[in-house]
Each structure stands twice: as C-alpha cells, then as structure tokens.
2 protein chains.
Amino acid sequence: MSGRQQVLVAGAWRDEVEPIGELRAHNPATGEPIGPAYPVSGRREVEDAVAAAVAVAETFSATDPERIAAFLEGYADGIEAEADALAEVANAETGLPVSPRLRDVELPRTTGQLRQAVRAVREWSWADPVIDTAGGLRSVFGPLGKPVTVFGPNNFPFAFNAIAGSDFASAIAARNPVIAKVHPLHPGTSEKLGRIAHAALVAAGLPAAAIQLLYGVDPSCSDLLVGQGAIGGVGFTGGRSGGLALKAQADAAGVPFYAEMSSINPVFLLEGVLEQRGEALAQEFFASCTMGSGQFCTNPGLLVVPRTAAGDAFVAAAASRFDAAPEQVLFSGDGKRHLNAAVDALRAAGAERIAGGGDPDRPGYWVRPELLAVDGARFLADPASLQTEAFGPVGLVVRSDGHEQAQAIARAFEGNLTATLYRAADGRDDAAASALITLLRPRVGRLIVDKMPTGVAVSPAMNHGGPYPATGHPGFTSVGMPGSIRRFAGLHSYDNVPDALLPPVLRDRNPGGVWRRIDGEWSTGDAGAAG
Amino acid sequence: MSGRQQVLVAGAWRDEVEPIGELRAHNPATGEPIGPAYPVSGRREVEDAVAAAVAVAETFSATDPERIAAFLEGYADGIEAEADALAEVANAETGLPVSPRLRDVELPRTTGQLRQAVRAVREWSWADPVIDTAGGLRSVFGPLGKPVTVFGPNNFPFAFNAIAGSDFASAIAARNPVIAKVHPLHPGTSEKLGRIAHAALVAAGLPAAAIQLLYGVDPSCSDLLVGQGAIGGVGFTGGRSGGLALKAQADAAGVPFYAEMSSINPVFLLEGVLEQRGEALAQEFFASCTMGSGQFCTNPGLLVVPRTAAGDAFVAAAASRFDAAPEQVLFSGDGKRHLNAAVDALRAAGAERIAGGGDPDRPGYWVRPELLAVDGARFLADPASLQTEAFGPVGLVVRSDGHEQAQAIARAFEGNLTATLYRAADGRDDAAASALITLLRPRVGRLIVDKMPTGVAVSPAMNHGGPYPATGHPGFTSVGMPGSIRRFAGLHSYDNVPDALLPPVLRDRNPGGVWRRIDGEWSTGDAGAAG
C-alpha cells in the first residue's frame, strides 16, 4: 500500500497497478500541497482501463436507453446531495469562490446539463431518426461501439470535469463507455464526483466498468487513450499544445478527436455605442475579462476599439479599472508561467502595457490584471503573434482607424469560439455591424451582440465550438444538448430491414411520439403501413 | 501552345501555366491512349486556383441560396441536354456500358442528385435551424467561408465526378467554392461536365471562380489543396493509401477530411436461407460481385457461408458461375496490378482459389472473375490480411463453423461501408440475425437485409459511409441529401442577435415554412414574438 488514493478501473475502485508517479492538489493562494496523494497511472493501468472499456462496449451499446437516463438522473441527484462538500473541496483545490460560483452557479449548471442529457436520451432528440418509406431506408445516430476518452480542463472542476461535464454526459447519452482522464489540479473533486457517479451507475443496473477514472497519465501512455483503433472518440478541453499533440495521435489512428483548445474571443465596440455608453462598457469589459481570474475559454481577450474620442475615453476608463484591480489567483504555477510568456510574446510583437500588470511576488499563483494596447496597423503587420492567447485576466486593445481597417482586422482572425459586437441602440452602427458579421460569421462558432462572451448557456442553439484552431471540427459544439451528444455517435443506416429487426425508434409504430423526419417532413406520428 | 486541353482556373478556361506533365485517357479494352492530352498541374497553377477560390469565398458564402439552387438546376438541365455525348465519351474512357449504366442509370442518378441538392437548399433541410426563445440563442449550419477541395474516384465518371457528383453538389449547396481534382482516367468526361457546369454558374449570376477544375496534380502539390488553413474541407473518394496520405496532410492543418476509402462489405448467408434458396443466392451474389467488373465501393467482397450441406451447394453453384464467367475489363493497368496484388495477399494468408481467375494475357486491362475460399478458423488467425480489399470481380468465401464462429468473424471486421444479412423468410434465422446485427451495427454505415449491397440509393436515410478505415468519420454520409451537405458546413450560433441582424432563416417570421426546431419541437411556423 502506497497510501495513495484509488483509481476507478475495470469496474471497481482499486489500488494503483504499477503507477509511475504521484500527484497532489495545491492551494493556489499559497502554492502548498493539500489533500492526499493520487497515482499517476502507467502503461499497465491504462491498458487495463482500455481493455475493460472495450470489453463492456458491446453490452453498453445495446443498453436500454431508459437505464442510461436513470443513471444520469441518479448521478445528478447524488451530486446535489453532496453539493456543499463538493463545493468545499473544489474551492480548496482551485481557489474559485464557493459563491458566486462553485455552489450556486457551476454545480447547478452541471446537474442541469446531466438532466438535459436525460431529456435528450428520452426524447431521442440527439439521434435524428430519418425514415424514407419509398426507398425502404431508415437511419438514426447510434453508439460508436467503442469507448470514448474524455480529458477534462483545469478551469471547471464540475461543469467540464471529465467524469461529470458535457463530454462525459454526451458520450454516455450516446451509450459509449467513458474513460475519464480528469485534470490533475483537482483530483479530490474528481474522486468525489467519480464515487457518486459509480454508485449511480451500479444502482441503475449498468455495467460497472462503463465509467473509469484516472487522475494522471504519463504522456508516454496517451497513445493508448487516443491513438489506437480500440478507441471510438475523444473529447478534450485544454490548451492548444497539449490538444494538438493528442490530436495528432488520434488522427493517425482515424479516431474522431473533439478538442476545445484556445480562443481569444474578439470583441468589436462600434463608434456609436462608445459614444452612448462607453463608461458602462468599460466596466462590463473589465468584469468579464477578470471574472474567474480570466480563466475562461470565452474570456474576451482582444477588443477592437476605434480611434475616436469616445474610444479614447473608453480605453482610459478601462485602464483605470485594471490599474485599481486587486491581485487575482490562478489555478497553478504553470498557468502563471504560461500567462507571463503570452504577455511577453504580445509585447515582443508590439503591444504595450497600458494598465495593471507586474508580478505580485508572493507565494502562490497570484497575478495582477493587465491591459495591453496596440495599433491596428501594427496588429495587421503580425496578426499571428498578436493573437497569442493569454489565459488569465489580461486584455489586448487593438485601436482601429476606420471601418476598413476594422474589417481587415476581422479578416485576420484565426478560428475562435466567439466574436462579439456592441452597437448603438439607435441603429447608427448597424451598417458597420452587418459588414463585420459577414466577415466574422465563418470565423467563429458563436456570434454575440451587445453582451460579453463569458456566459455559455447550456442551450440546444449554443455552439461552444468553432473553426480550427479553436476546435478540431467546425460542425460540432461541446456544450448544448442534443448537439454535443452527436459528436460521439455513428450514423446507422438500415436498408430493407424488416420492422421487427429495426431498433424500436425506427419502427413504423411510434408510441413514444419521438420526432422523426419521415419522407422529408418532421412528425411525431407513425410511419409506413402504420402511418 | 502545347496543344493540351485547358484547365478551369480563376474564373475562366485557360491554357496551362507551368504544367509539370500531361495525361491522356486510355481505351481500357486495348490499353491504347485516346483523346487529347491534358495538363498535369504544377505548383503555380494550383496556387492560382487556391488563391482564386479563397478570394471568392466571402462573396459566395453570402450568396442568396436561390442563386445556388438556380445554378444546380441549370447544371442538371445542361447535363441532360448533352446526355448522349457525355455517355459516349465516358464509355470510351471507362469501358463502362452506355446501357444499362452510363446513359440510363448513372447519368439520371447524377442529375437527380443535383436536383436533390436544389431541394435541400430551398427547404434548408441541411441547415438544421434551432431556436431557443428563452435563451435568446439561435443556430443554423452555414458555409465554411473557405474553399472545398473534391477528389473524384475512377469508378463513377458522372455520379462521383469531382465536378458533378455528391461531394461537388454538397459543397456547393452549403455555399462553398469548389476546386475539383477530377480523376485522370476520364479527363474528357470531366472537361465536358466542367464546361456545362461553368456555363450554368455564369448564367446563374454566380462568381465565375466559384468552381475550378484540374485534371491531374502532382502529389508534391497536394499540400496546397488539403494541407493548409486556406482550405475549409476536403471530399475524397478513392483508394486507401492515397486517401490516408492526403488525410495526414489535412489533419496536420486542422482541415476536415471526408474520405470514402475502402470496404469489403461482408455478407452473411444464414443457414435457413441457404436451404430455402441457395441456388438463387448464388446467382444474386455472382451478379453483384461482377457488376461493373466489381469496381464498386460496395462490392460484396467477403461472404460468410456456414459449413452445412446447403452452404456447400451454394459455394458449388457460385463457383460454377465464376468458372463460366467471361473476361471483364478494369479501368486501368494500375487497377489490374492492384487487384492481382490483393489476390496474392489473400492467397498468401491462406485463401484458396476455387473458381475462375488467371490472367487473360491480352492487351488492355482484362481480368477473369475469381472466387476464393478460406476456413473460418484460418480467417480468425489472420483477419487483417484476409480483409485485404480486392477492387474488382473477386469474392472471398469464409466458411464458418456454427453461430459462435460466425459471431467471432463479425467481431473481427474493420470499419466497412456495409454489412448484409440474408435470412429465411419463415423466421428460423431471426435469432441468429439479431445476434449478428448487434455485432455488425457499430462496425458499418449501412446494415442491409436480404439484398446485395451494390445499390446505393440517393436517400435522406442512406449512409454511404462508415467507421474508419472505410471513411475518416463515422458520423457522415457522402451520398444522400441533406446529410451529405452537412459535412461542408460550420455550426453557426447567434447569441442575443436582434432579428434584423439574423440570417432570414433564423428570424421570427418564417414565410417559407422552413422546418425549424423551436424550443424542442419541430415547426414550420413563426417563432418568438411572431409565433
């Protein structure tokens, strides 16, 4: 016995097998290690997990969806029953406040997401059943028949946790076993979630190996989790370099890889709205850019502000807020190093610090919010460097000279999760807004008007995704049921298959009133002979 | 002037720029070159084409869909007007019969497909509009905002031609410019189609550079067409090695790559049906396996036949047909070499020739249909080698001992486009069929009962696709509107965007009666305030 915590592998919590190291959580405010030690899994443990997931995939694929729904529902209930304890350990491991965040925002979001998956499973809304009566063909999305690996990020210990978040719920809803590689910065939170999840799984009568949990996996073993044909798909949320390394392994093995990697989420403030309410926008921007110490995928990292008097006033107002801002704590020392390196890269490319910044020089992972600025012309001379993501409470203002330069800036953007426009209420900015929308539309997943990008609603019309390199595929969202589920599904066509051999959702009779597209029209009725 | 035919680049038919070679069609029956010479494009030509496509993408993305529909409709009309001439040149270049195939099957299929794309564009069925009134979010699939490259295969000079087939129609329907790299074995057919297409494009008032055509591109230039961020997506139909080489380039650049690469399309003949109609099945199998000289992606390449008396009788009946079959002509000498190499690989792994085969030893690309057989146990000892695709009129019979071995064989299959089951009409095979369906379902795109796989209907419930390595993504079909269009689309979410700034399909009022999912229910009515 090493005294380390147990992993969830092959259907049970068990002691580590041939681990290659250990990890611990840290108090971000002090940098001190906290809580027990957790194993970093080695090759043998990972092989065991994959073998167990593969072995269970066939049964799990054929599971009655009602059991899947019962599991996800039981899990959501279980999380709520331990909400206070979960918030406490997540707070200790991440430094995120219990309120307003972990207990009252992120945890309800997480259980709400699990319950939206339940609804999608029961309504079959993710499965897009299509019936062509004349052609004798029917199709529906179904399980991959192989396990899905989920890699969770550091910044949402509940809502994007590999054992509780959207990727997890999505993969399970499509009836795929999940191997959860949780983030090593919040192992205690993840273990607690994993224990609730596993109990709910067993209570629902599902195979005990259908979900597994590893805290840390050496990069030398990641090929087992993403780079072989035994794996059906991968969900990854995290930084770009780690994501691209895993993506290369998945690509080589033909494994669909859904990454949500990086985004600077440009925001355009148009001339009219700056005249109307520049001061209020300065506060709105500052709050969004520094919320959660700026550690959001949809943090507004780049602001395009016209070089007008109102634009100058806005920048001054924003700068005064950054100057006056208290120090903030990041999740880790690595995070702080990456943030500093990103700021250095932005400055090397010509951005100037106009407010805040500087190293607090105290224990823990503290930083000062910082505002940078650069000329539009300068930005256009080196748009790649000046789109370096600074993951933290740092914003870059790009000052644009006229509509044409603002449009050129929009054309220079890489794929992003979001782009935002603020325009005057009286319509005077609408022509400029329309022109920018045309340019920004294909470059981002979500286009936002008059609102900061940091809120990501769990909505069927959400796209928390976007063109590469924001993600690996422009057609899928990682948040929002039922769309997020379809990432982990295969398209199953049935040709000339008699009613009795079809899955129930494709049979003529439709007692559950499922929405199906029958001969081009959506219907909740029966099909064919029974129609 | 080299006297070579012109390429369609940057909006006009023009003489080649710095080509690196030339190509000509051949008469497959004699191996003699026919028709004029066509340029093999070099780097500069390909760069010109990509630059022109990128330049036009913004305008094309914002095109009124009705113009797109008018183009596709005009193109279909134009093809019909020149149907006889098209069939004549395609027959000369491919050796496929004018009837029953090019003129009366494949050409109508091609125009039908273009018209299904027209319908999908007008009905917005590919775009999946979603409205969340409470959340203030709306989403719809839209263009990539970048060009799509399409690589056409050798085996369908019309229906999968890069300038006329499903990938072409799909990419255009989603309002993406297309660079068509047609197959070098039928350049004359492709040029003819390209001229009709371009005239229809211009007549519809669309940008002249929105479609481009290249006959041959040196592999050293393929990075330009697939491996850079300027490209929005790729459709490829062809062999596995070429497909994987391109896929690696696309993957590294984050470009979605849809490949339809290889498939052996296993067919299970169950015990009862062999007793009931084994002789008829032998004819059905022989016809399907040798149709079009076996050069179909869905050719039934592997048959699982139980080791019963009725199974023996079936194999004998099939063998006699292969023995008596006339020689058949393939598309090319390369095709013949690949086929012979595949048969050699199958035999090296333990398959035995039981009928037909042998080299006709005459000019042109002639082969004799061939039937091979192998024991179930032997198959299970080396399933990878015994799944080598033999692209031509060659079948491999795997003799299975009992249901358990048949199921083990099913479990050993790689991803395939199709799997087929034949079962007795009286239900005696249905238990065995159900067990096999569970195993085969996640391994194939289309599951077929009592019918050979070679027919691929252009149906909304078709999946001409399947898990890797049959394709690059298990969730998409390359045939069947509207699904095939969605491959070349991005998910566009709109957050808090006022009605006037939304695309018309997402506004409250729905004068066209488009099917939209509003707050979880499909509706053709208005939304929100207007609802």
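This briefing walks through how two protein chains fit together, one topic at a time. The model is predicted, so treat what follows as a reading of computed coordinates. Chain A and chain B bury about 5400 Å² between them, and strands from both chains line up in a 12-strand open sheet. A second 12-strand open sheet also draws on both chains.

**The first shared sheet**

- Start with the sheet that runs in the order β16(A)-β18(A)-β19(A)-β14(A)-β13(A)-β20(A)-β21(A)-β22(B)-β6(B)-β5(B)-β23(B)-β24(B), with mixed pairing.
- At its edges you'll find β16 (352-356) of chain A and β24 (521-523) of chain B, and each of these pairs on one side only.
- Neighbouring strands here are turned by 25 degrees against each other on average, direction ignored.
- Where do the chains meet in this sheet? Strand β21 (residues 444-449) of chain A pairs with strand β22 (residues 489-495) of chain B, in the parallel sense and over three bridges.
- To pick out one spot on that seam, look for R446(A), whose bridge partner in β22(B) is S493(B).
- There's a helix to spot as well: α11 (residues 333-348) of chain A lies across β16, β18 (370-375) and β19 (394-400) of chain A. Helix α11 runs at about 25 degrees to β18(A).

**The second shared sheet**

- The other sheet reads β24(A)-β23(A)-β5(A)-β6(A)-β22(A)-β21(B)-β20(B)-β13(B)-β14(B)-β19(B)-β18(B)-β16(B), and its pairing is mixed.
- Its edges are β24 of chain A and β16 (352-356) of chain B; each has a single partner strand, so one side of each is left without a neighbour in the sheet.
- From one strand to the next, the twist averages 25 degrees.
- The seam between the chains is made by β22(A) and strand β21 (residues 444-449) of chain B, which run parallel and are joined by three bridges.
- On this seam, S493(A) has R446(B) as its bridge partner in β21(B).

**Where chain A touches chain B**

- How many residues are in contact across the two chains? The contact involves 67 residues of chain A and 67 residues of chain B.
- Of the area of about 5400 Å² buried between the chains, carbon and sulfur atoms give 55%.
- Six salt bridges are counted between chain A and chain B. Side chains of opposite charge can pair when their charged atoms come close.
- One salt bridge to look up joins R411(B) and E58(A), with the closest N and O atoms 2.9 Å apart.
- Between the chains there are also 34 residue pairs in polar contact, counting pairs with both residues at pLDDT 80 or more.
- Elements of chain A that give two or more residues to this side include β6 (137-143), α8 (240-252) and α14 (430-440). The largest share, seven residues, comes from β22(A).

**Two domains inside chain A**

- The domain assignment splits chain A into domain 1 (7-20 + 33-261 + 479-485) and domain 2 (267-449).
- Their C-alpha centres lie 33 Å apart.
- In chain A, 10 residues of domain 1 are in contact with 10 residues of domain 2.
- These two domains of chain A bury about 880 Å² between them, with carbon and sulfur atoms giving 61% of that area. N155(A), L185(A) and E260(A) supply 40% of the area that domain 1 buries against domain 2, more than any other three residues.
- One salt bridge is found across this domain interface.
- You can also look up R240(A) and E414(A), whose side chains meet in a salt bridge at 3.2 Å, N to O.

**A salt bridge within a helix**

- The whole structure holds 72 salt bridges over all chains.
- One pair to find is K247(A) and D251(A), whose side chains meet at 2.8 Å, N to O. Both residues lie in helix α8 of chain A, four residues apart, about one turn of the helix.

**Backbone oddities**

- Most residues other than glycine have a negative phi, and most peptide bonds are trans.
- The peptide bond from S99(A) to P100(A) is cis, with omega near 5 degrees, and P100(A) sits in helix α4 (residues 98-123) of chain A.
- Another cis peptide bond joins M481(B) and P482(B), with omega about 0 degrees. P482(B) lies in the loop between β21 and α15 (483-486) of chain B.
- E18(B) isn't a glycine, yet has a positive phi of about 45 degrees; look for E18(B) in the loop between β2 (12-14) and β3 (21-26) of chain B.

Key:
Residues are numbered from 1 along each chain as its sequence is written. Chains are lettered from A and ligands numbered from 1 in the order in which they are written. This is a predicted model: local features need pLDDT of at least 70, side-chain atom pairs count only at pLDDT 80 or more; totals for chains, interfaces and linings use all residues. Side-chain values use heavy atoms; hydrogens and water are left out. Two strands pair if DSSP finds at least two bridges between them. Axes are lines fitted to C-alpha atoms, for helices over the stretch in contact, and angles run from 0 to 180 degrees between N-to-C directions. Contact means heavy atoms within 4.5 Å. Domain bounds come from an automatic or database domain assignment. Buried area is the accessible area (1.4 Å probe) that two parts lose on being put together, summed over both. A salt bridge is a side-chain nitrogen of Lys or Arg within 4 Å of a carboxyl oxygen of Asp or Glu. A polar contact is a pair of N or O atoms within 3.5 Å; within protein, one must be able to donate a hydrogen and the other to accept it, and residues adjacent in sequence count only if both atoms are side-chain atoms.
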